[in-house]
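Reader: Hey, can you walk me through this one?
Author: Sure, take a look and ask away.

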Amino acid sequence: MKMDGNGLITVSGLSKFYQGRGSFLGEGKKILRAVDGVSFSIREGETLGLVGESGCGKSTLGRIILRLIPASGGSVRYQGEELLDMPKKALRGMRRRMQIVFQDPYASLNPRMTVEEIVTAPLAVFKIGIKTERREAAARVLEEVGLSSRHLGRFPHEFSGGQRQRIGIARSLVLNPEFVVFDEPLSALDVSVRAQVLNLIRSLQNRRKLTSLFISHDLSVVKHISDRIAVMYLGKLLELADKHELYNHPLHPYTRGLIGAIPIPDTGRRRKRTELPGDVPSAYHIPQGCRFHTRCSMIREVCTVSEPELRQISAGHWAACHQILEQPRYPGST
Ligand code: ADP
Ligand code: MG
């Protein structure tokens, strides 16, 4: 499938399978399909939001794109160059250009390292500058994330969660990357500081013209930061569209369910749609046919036997649903 082939990053048919860990129940022989044939591209300067319930493969997808873990199949092209079979030396050069911000700033910052050591570590890895230059670079990037050079000699435990995440962001920016994966950067933070960190990320994206993949389980978070949004379910994309289009005209019943689960601001009431029924099935036992059919209110016979492809329904709006494929504007979709 060809989708926006001229993106900075083009992912096609990307998969990651895990072999079961082995137990007397026979799970050892089973395959867990964490990412199961995903295709999309990210344009230069764009933020693509990636949303889906916990366990649907978002972090795995972000990590295989950056080659932090190996893929099982598919392709990731960065400015046309294949990353997945790139030799180590060439990959090292690419690594400077691609960074990740992790979810948990408690687990991802070494408690025994000072802020200076943490933020300058990527410069040291790439042997960039001498110590004083690295310190200056760290001081500059700390200012940029709302901290200061006064913090260079301190340790992570001296900071709040929000400040720690700022340190994690500073570390990811110190090499001036072009592409950043933000993997649920707000989820471990106190609700009271989330908006500040989100605003920081947004202003950094604008100022530095970053291209990014912004991962969240929360559609109301990606709404604020993304240009386009991809909706993932059990290892596959079910919908992909411009964010306004996705909100105003969600096509897939899963996306509609996710939107229905967002509280309406101020009133605390929920939209008239109800929350999604049931739980996400196990990635060891992905349902036959449409993988969403076990939770879908619009299920038909075809949904249990054949898997719908992600197709372009209207300009730039992709969805994988039999119902939509047959009836592009099904009742209530506007
Ligand atoms: P998300 O980030 O959307 O919550 P993940 O990418 O972390 O989802 O996980 C996707 C699926 O892959 C889950 O079923 C998870 O249990 C499984 N998984 C992730 N990492 C591993 C691993 N190292 N070994 C086996 N299974 C894994
Ligand atoms: Mg995750």
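Author: One term before we start: a contact means heavy atoms within 4.5 Å. Among contacts in the protein between residues at least 6 apart in sequence, 65% join residues at least 24 apart.

Reader: OK, and where does the model come from?
Author: This is a predicted model, where local features need pLDDT of at least 70, side-chain atom pairs count only at pLDDT 80 or more, and totals for chains, interfaces and linings use all residues. Residues are numbered from 1 along each chain as its sequence is written, chains are lettered from A and ligands numbered from 1 in the order in which they are written, and side-chain values use heavy atoms, with hydrogens and water left out.

Reader: How many helices and strands does the protein have?
Author: The secondary structure comes to 11 helices and 12 strands. Those are DSSP runs numbered from the N terminus: helices are H or I with at least four residues, strands are E with at least two.

Reader: And what share of the residues count as buried?
Author: Of the 334 residues, 50% do. Buried means under 20% relative accessible area, exposed means over 50%, and partly exposed is in between (1.4 Å probe, protein chains only).

Reader: Cool. Which residues of strand S8 are buried?
Author: Strand S8 covers residues 211–216, and 6 of its 6 residues are buried. Thr 211, Leu 213 and Ile 215 sit on one side, with Ser 212, Phe 214 and Ser 216 on the other.

Reader: Which strand is joined to S8 by 5 bridges and runs parallel?
Author: Strand S7 (residues 179–183) is one of them. Strand S3 (residues 47–51) also pairs with S8 in the parallel sense, over 5 bridges. Two strands pair if DSSP finds at least two bridges between them. For S3, Thr 47 has Ser 212 in S8 as its bridge partner. For S7, Phe 182 is matched with Phe 214 of S8. Between S7 and S8 the chain crosses through helix H6 (residues 191–208), and this β-α-β crossover is right-handed. That label applies if, with the strands pointing away from the viewer, the path from the first strand over the helix to the second runs clockwise.

Reader: Is there another sheet? In what order do the strands of the open one come?
Author: The order is S2-S1-S4-S5, 4 strands with antiparallel pairing. S2 and strand S5 (81–82) stand at the edges with a single partner strand each, so one side of each is left without a neighbour in the sheet. Inside it, strand S1 (residues 9–19) and strand S4 (residues 73–78) pair over 5 bridges in the antiparallel sense. One example is Thr 10, whose bridge partner in S4 is Arg 77.

Reader: Changing topic: how many residues surround ligand 1?
Author: There are 13, and the closest are Gly 55, Gly 57, Lys 58, Ser 59 and Thr 60. A residue is near a molecule if one of its heavy atoms lies within 4 Å of it.

Reader: What about the distances to its oxygen atoms?
Author: An oxygen atom of ligand 1 is 2.5 Å from an N or O atom in the side chain of Thr 60. Backbone polar atoms come in too: one of Gly 57 is 3.1 Å from a ligand 1 oxygen atom, and one of Cys 56 is 3.2 Å from a ligand 1 oxygen atom. Taken alone, ligand 1 exposes 560 Å², and the protein buries 68% of that. Strand S2 (31–42) and helix H1 (58–65) are the elements that give two or more residues to the shell. H1 gives the most, with 3 residues.

Reader: Now helix H3. What does its buried part pack against?
Author: The buried residues of H3 pack against helix H4 (131–144) and helix H5 (161–173). H3 spans residues 115–125, and its buried residues include Val 115, Ile 118, Val 119 and Leu 123.

Reader: Any odd backbone angles?
Author: Most residues other than glycine have a negative phi. Arg 67 has a positive phi, near 60°, and belongs to the loop between H1 and S4. Asn 176 also has a positive phi, about 55°, in the loop between H5 and S7.

Reader: Is Asn 176 buried or exposed?
Author: Asn 176 is exposed, with a relative accessible area of 54%. Arg 67 is partly exposed, at 25%.

Definitions and conventions
Polar contact = N/O pair within 3.5 Å; in protein donor to acceptor, adjacent residues only side chain to side chain. Areas by Shrake-Rupley, 256 points an atom, 1.4 Å probe, with all protein chains shown as cover.
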